[in-house]
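Me: I'd like a close look at one part of this model, the first helix and whatever packs against it. Start with a single residue there and work outwards, please.

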Amino acid sequence: MVAAIIYLKLRICCFVGLCVSIYATYVEVKAENNNNYKALCDLSPKVSCTAVFNTPYGKSFGLLSYLFKDIPNRWNPPNGLLGIIYYLGFIYSTFFQHHSVFILQIFLCVCSNLLSIYLAYLLYYVLKNFCVICISIYVINFLCLCEMIKIYKKVRLVELNKKIK
């Protein structure tokens with residue numbers, strides 16, 4: 001399909017997203033187990049990652065808590081853990097050059113950006129807080145989408161050149 005080198009920037013973005021998601025999960029677990037825990041990203045009461053992570057929206061994007069009022073924690077994973085799974089899966093998928101995998105990658109990038117918009121809305125309008133980790137993930141998701149668009153253009157160009165020949 002296309003040389004694997006074009007996925008390098010996308011892999012780097014996903015790796016950074018993976019690292020941020022690992023840190024987010026670490027902060028959330030530490031804050032759950034220690035009420036006095038203060039993360040590096042807790043700069044003030046209105047600029048606090050742990051304050052955001054300790055809300056219902058800090059687990060499964062707030063969706064499971066909304067649908068099932070008394071859901072146990074083991075069935076309601078932290079958003080950071082879902083991010084770890086997402087970025088690991090995305091990095092893994094970049095090593096396969098198949099049209100259906102490519103379509104799945106584009107779909108996942110669009111979905112992650114829509115989810116970022118939803119979470120940014122909650123962060124600003126509902127929680128009225130600023131979360132450095134959250135904003136970082138939104139930016140990373142956007143950069144992944146930009147890279148996927150660049151890759152799509154290159155793949156499309158290669159496909160058109162093959163049809164012409």
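Reply: Let's start with S21, which sits in helix α1, residues 8-33. Keep in mind that this is a predicted model. S21 counts as buried because its relative accessibility is 3%, and the cut-off for buried is under 20%. Leaving out residues up to four places away in sequence, S21 touches G80, G83, I84, Y87 and I137.

Go along the same helix to T25, which is also placed in α1. T25 has a relative accessible area of 14% and is therefore buried as well. Its contacts, with neighbours within four places in sequence left aside, are G80, L81 and I84. Put the two lists together and you'll see G80 and I84 in both, touching S21 and T25.

T25 also gives you a handle on F53. The two are 28 residues apart along the chain, with their C-alpha atoms separated by 9.1 Å. F53 itself touches A24, V27, E28, G58, C131, I133 and C134, again not counting residues up to four places away. It also matters for the bigger picture: the largest nonpolar core has 38 residues, and F53 is listed with L10, C131, I133 and I151 as having the most contacts inside it. Two of those, C131 and I133, are direct contacts of F53. The elements that give two or more residues to this core are α1, α2 (49-53), α4 (79-93), α5 and α6. The biggest share comes from α6, with 10 residues.

Back to Y87, one of the residues S21 touches. Here the aromatics come in: the structure holds eight aromatic pairs. One of them joins Y86 and Y87 edge-to-face, at 5.0 Å centre to centre with 75° between the planes. Both Y86 and Y87 are buried. Another edge-to-face pair is Y92 with F96, at 5.1 Å centre to centre and 65° between the planes. The surroundings there read differently: Y92 counts as exposed at 56% relative accessibility, while F96 is partly exposed at 38%. Ring pairs also link Y23, Y26 and Y37 into a cluster. For a charge-on-ring arrangement, look at R11, whose charged end sits over the ring of F95, 3.9 Å from the ring centre.

Next, α6, the element that gives the most to the core. A search of the whole structure finds one salt bridge, and it is in this helix: E147 pairs with K150, with the closest N and O atoms 3.3 Å apart. The partners lie three residues apart in α6 (residues 132-164), about one turn of the helix. They don't see the same environment. E147 counts as buried because its relative accessibility is 9%, whereas K150, at 42%, is partly exposed.

Helix α5 (residues 99-126) holds C111, which at 31% relative accessibility counts as partly exposed. C111 and L145 are 34 residues apart in sequence, yet 9.8 Å apart in space, C-alpha to C-alpha.

How does all this sit against the annotation? UniProt, in an unreviewed entry, places the feature "transmembrane region" at residues 7-26, 78-95, 102-121 and 127-146. Two of those stretches can be put next to the model. Over residues 78-95 the chain is 83% helix and 0% strand, and the end C-alpha atoms are 27 Å apart. Over residues 102-121 the chain is 100% helix and 0% strand, with 29 Å between the end C-alpha atoms.

Zooming out, the protein has six helices and zero strands, so to speak an α-α-α-α-α-α pattern along the sequence. Of its 165 residues, 41% are buried. As for the contacts with a separation of 6 or more, 68% are between residues 24 or more positions apart. The link from S21 to G80 and I137 gives you a small example of contacts between parts that are distant in sequence.

Notes
Residues numbered from 1 in each chain as written. Predicted model: local features only at pLDDT ≥ 70, side-chain atom pairs only at ≥ 80, totals over all residues. Heavy atoms only, no water. Salt bridge = Lys/Arg side-chain N within 4 Å of Asp/Glu carboxyl O. Helix = DSSP H or I, 4+ residues; strand = E, 2+ residues; numbered from the N terminus. Buried < 20%, exposed > 50% of the residue type's maximum accessible area, 1.4 Å probe, protein only. Contact = heavy atoms within 4.5 Å. Phe/Tyr/Trp six-rings, centres within 6.5 Å; stacked < 30°, edge-to-face > 60°. Lys NZ or Arg CZ within 6 Å of the ring centre and 35° of its normal. Core = buried A, V, L, I, M, F, W, Y, C linked by side-chain atoms within 4.5 Å. UniProt positions renumbered as here; feature names shortened; annotations may be inferred.
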